[in-house]
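Open the model in your viewer and keep the selection tool at hand. This tour goes from one charged pair to the next.

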Amino acid sequence: MTGIELLKMIKNYEIKEGTEINVLRVNEDCCCFDVVAKLKYSDNDLLWSPGTFRSSMLWDNDYLFEIVESKEVPNKIEEINFVDEFSDSYYDTCLIKTKDKINELIDAVNYLLDTHNKG
């Protein structure tokens, strides 16, 4: 999208708080785009690292803007539950041990997710 289209989306409240936006410029050597700056929309403002972006890029036709889709981090993964009616066979014992190890892994992942989601 153009910078003007981006500004219209901001004006119409179509951009969510915390959205990241890539500023792209055509690389004529390889007919592709280079990311020249990264913006963040926060508190009704566009934020960027000093020296990477100029407001004139918003109306310069050499630059395009791309909204970076955020990836949702799940809050928690549910543990595996098998029916508890196992016989004493070797395979059932292995299945129970496998379930226990998988649930230990799920607990560890949930701990990491809690840490990530809190800050």
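Start with a yardstick: a residue is buried under 20% relative accessible area, exposed over 50%, and partly exposed in between (1.4 Å probe, protein chains only). This is a predicted model, where local features need pLDDT of at least 70 and side-chain atom pairs count only at pLDDT 80 or more, while totals for chains, interfaces and linings use all residues. Residues are numbered from 1 along each chain as its sequence is written, and side-chain values use heavy atoms, with hydrogens and water left out.

How many salt bridges does the structure hold? There are 3. A salt bridge here is a side-chain nitrogen of Lys or Arg within 4 Å of a carboxyl oxygen of Asp or Glu.

**First selection: Lys99 and Asp100.** They form a salt bridge, with the closest N and O atoms 3.6 Å apart. Check Asp100: at 36% relative accessibility, it is partly exposed. Lys99 is buried, at 17%.

**Next: Lys101 and Glu104.** Their side chains meet in a salt bridge, 3.8 Å from N to O. Both sit in helix H2 (residues 90–118), 3 residues apart, so about one helical turn separates them. Helices (H or I, at least four residues) and strands (E, at least two) are DSSP runs, numbered from the N terminus. Lys101 is exposed at 55%. Glu104 is partly exposed at 46%.

**Last: Asp62 and Arg25.** Their closest N and O atoms are 3.9 Å apart in this salt bridge. The pair links distant parts of the chain, 37 residues apart. Find Asp62 in the loop between strand E3 (45–47) and strand E4 (63–68), and Arg25 in strand E1 (residues 20–27). Asp62 is partly exposed at 41%. Arg25 is partly exposed at 34%.
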